[in-house]
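Reader: I am new to this structure and would like to be walked through it step by step. Could we begin with the view itself?

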Amino acid sequence: MGKALMVLGTSSGAGKSLLVTALCRIFSNLGYDVVPFKSQNMSLNSAPSIEGGEISRAQYLQAIACRKKPSVKFSPVLLKPEGNMRSQVVFMGKPIGSVSARDYMLSRKEELFRKAMAVLDELKENHDLVIIEGAGSPVEINLRDYDIANTRVMLHAKAKGILVTDIDRGGSFASIVGKMELLRPEERDAIIGFVFNKFRGDASLLKPGFDYLKKRYGKPTLGVIPYVEHRLPEEDSLTEFPKVKGELHIQIIKLPHISNFTDFEPLHWANGVDYVTKPEELNGDVIIIPGSKNTVEDLLWLRREGFEDAIIEAHREGAFVVGICGGFQMLGEKIIDTVESKRGTVRGMGLLPAKTVFEKTKRTNHLKAEVLWGPAKGTAVEGYEIRFGRSVSERPFSVIKAINGAKTFEPEGAIGERAFGTYLHGIFHNFAFTERFLNFLRVEKGLEPISVERWSIEGEIERFARVVEENLDVGRILGELGLQK
């Protein structure tokens with residue numbers, strides 16, 4: 001039976017996801033067979049698993065850090081918010097329904113908890129170490145009787161716990177004390193120490209607080225992680241990018257059901273992006289409609305709020321328009337949806353020569369493709385798809401050459417006049433494509449071409465893990481787990 005280590009946080013955004021990512025790589029580098037796990041995750045972002053299911057983006061990244069293929073076993077319960085206090089429930093990679101927060105809390109959680117713990121037990125049996133990520137805060141008084149992602153998991157797995165806090169926000173010592181006081185005795189006993197995350201300054205100035213925690217709880221501070229600029233995908237909208245107007249004004253419409261906004265991180269780093277919430281703000285060189293968890297409802301929202309007219313007018317005046325996944329579907333001629341919104345046939349914006357029909361089976365795959373769009377024609381790209389829609393167009397954006405490694409030849413996406421749409425999530429993480437896309441627009445605007453800096457998720461994981469390892473008492477953690485370095 002393997003060991004288990006759990007990372008709990010004093011709040012959402014404390015840094016649990018990235019600390020788990022770093023720990024996964026640290027222990028993998030030490031030669032351990034390690035896997036990540038989070039029993040329940042609520043996220044706007046998802047990714048495909050090796051089984052063809054849908055998992056949270058955080059556990060996808062952590063699997064890469066463990067040098068494992070992403071599996072639904074690492075993220076058994078995924079909640080995808082739909083608005084109006086409802087979420088789509090995805091279990092072991094497959095959607096199993098849409099429920100209100102209250103109904104889920106009262107009627108579904110216990111069943112899913114039991115199933116998730118069976119998955120966790122299997123992971124412990126088959127691997128040296130499972131590193132478990134908690135969710136939000138572990139001791140919210142109104143939620144803890146229904147909480148299936150924190151201390152119940154820790155106790156079930158007989159895991160050692162680390163409590164991490166974001167010191168950049170302030171109030172970290174009070175947050176830790178508050179959490180420790182609200183933990184039950186057996187939960188407090190499982191905690192082996194504290195980690196202060198995102199620190200800027202002289203860590204020696206924190207010593208009186210460390211001494212207080214040690215004296216009060218008998219627990220050491222295991223590390224102070226400095227604030228690190230990185231390019232690793234963030235878990236949710238809490239850390240969404242600020243509005244940045246670069247030399248090219250790239251505007252992304254913030255849809256009510258926006259999903260997978262991590263698609264645009266390379267544009268943020270290479271140029272800057274501006275998230276738009278009002279139609280009167282649309283005046284960019286590029287307008288992007290992102291993915292959506294409810295394509296038709298978001299299309300109707302764009303129409304109702306005046307965005308559709310503003311997009312068409314901006315396009316008429318020379319703006320380049322891009323749609324990713326749901327955004328691509330909205331830009332087409334029509335959508336027939338009897339699955340997601342159940343609204344039947346709905347008129348699209350008509351900027352792309354494409355028609356979309358929603359089918360009951362969701363496609364969740366890794367893709368490799370070749371771009372057909374002129375300025376980047378012939379560029380090899382890869383990404384992933386998560387979609388119910390099947391679209392046809394006489395002018396495809398790319399040809400898919402491989403699905404999950406199996407060779408194929410399948411057109412996808414569409415090209416219009418100063419517009420394109422694609423199902424390829426992660427298209428802009430292909431830096432050769434992004435460079436050609438940006439430079440096509442820069443030359444049009446009279447700007448000098450640029451070279452887009454190449455970087456890799458693998459390299460960013462390794463760099464971030466080294467920083468964490470240098471500032472964390474890994475030896476003590478190993479000792480608490482009964483493992484050797």
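Author: What is shown here is a predicted model, and on the face of helix α7 turned away from its buried side one finds the exposed residues Pro208 and Lys215.

Reader: Which residues of helix α7 are buried?

Author: Helix α7 spans residues 207-217, and a residue counts as buried when its relative accessible area is under 20%. The residues of α7 that are buried are Gly209, Phe210, Leu213 and Tyr217.

Reader: Why do these buried residues lie on the same side of α7?

Author: What matters is how the residues are spread around the axis of α7, and the spread covers only part of a turn. The buried residues lie on the same side of α7 because the arc they cover around the axis is only 100°.

Reader: Against which elements do the buried residues of α7 pack?

Author: Just after the helix comes Gly218, which takes a positive phi of about 70°. As for the buried residues of α7, their packing partners include two helices, α5 (172-182) and α6 (185-190). The strands they pack against are β11 (191-199) and β12 (221-226).

Reader: In the open sheet of four strands, what is the order of the strands?

Author: The pairing in this sheet is mixed, and its edge strands, each of which pairs on one side only, are β3 (40-42) and β8 (94-100). From one strand to the next, the twist averages 25°. Read across the open sheet, the order is β3-β6-β7-β8.

Reader: In β8, which residue is the bridge partner of Gln88?

Author: Strand β6 (residues 77-83) runs antiparallel to strand β7 (residues 86-91), with six bridges joining them, and Lys80 has Gln88 as its bridge partner in β7. On to the next strand, β7 and β8 also pair in the antiparallel sense, over six bridges. The bridge partner that Gln88 has in β8 is Ser98.

Reader: Which residue in the turn between β7 and β8 has a positive phi?

Author: The two strands form a hairpin, and two residues lie between them. The residue in that turn with a positive phi, of about 50°, is Met92.

Reader: At about what angle to β8 does helix α3 run?

Author: Helix α3 is made of residues 101-126, and it lies across the strands β3, β6, β7 and β8. With respect to β8, the helix runs at about 145°.

Reader: Which residue meets Glu133 in a salt bridge, and where does it lie?

Author: The structure holds 33 salt bridges, and in this one the N to O distance is 3.1 Å. The pair links distant parts of the chain, 95 residues apart, with Glu133 in strand β9 (residues 129-133) and its partner in the loop between β2 (34-37) and β3. Glu133 counts as buried at 2% relative accessibility, and the partner is buried as well, with a relative accessible area of 5%. That partner is Lys38.

Reader: How many residues apart in sequence are the parts tied together by Arg152 and Glu110?

Author: In this salt bridge the closest N and O atoms are 2.8 Å apart. Arg152 is partly exposed, with a relative accessible area of 29%, and Glu110 is partly exposed too, at 36%. Since Arg152 lies in helix α4 (residues 151-156) and Glu110 in helix α3, the parts tied together are apart in sequence by 42 residues.

Reader: Which residues have the most contacts inside the largest nonpolar core?

Author: The largest nonpolar core has 69 residues, while a second, separate core has 44 residues, including Ala4, Leu123, Val153 and Met180. Leaving aside residues up to four places away in sequence, Phe437 touches Val286, Phe320, Val322, Trp373, Phe420 and Phe428. Inside the largest core, the residues with the most contacts are Ile253, Ile288, Trp373, Phe433 and Phe437.

Reader: Is Arg390 buried or exposed?

Author: Arg390 has its place in strand β22 (residues 380-393). Not counting residues up to four places away in sequence, it touches Lys355, Thr356, Val357, Glu359, Thr361, Arg363 and Tyr423. Its relative accessibility is 19%, and because the cut-off is under 20%, Arg390 counts as buried.

Conventions. Residues numbered from 1 in each chain as written. Predicted model: local features only at pLDDT ≥ 70, side-chain atom pairs only at ≥ 80, totals over all residues. Heavy atoms only, no water. Buried < 20%, exposed > 50% of the residue type's maximum accessible area, 1.4 Å probe, protein only. Arc of directions from axis to C-beta. Contact = heavy atoms within 4.5 Å. Core = buried A, V, L, I, M, F, W, Y, C linked by side-chain atoms within 4.5 Å. Pairing = 2+ DSSP bridges. Axes fitted to C-alpha atoms, helices over the stretch in contact; angles between N-to-C directions. Salt bridge = Lys/Arg side-chain N within 4 Å of Asp/Glu carboxyl O.
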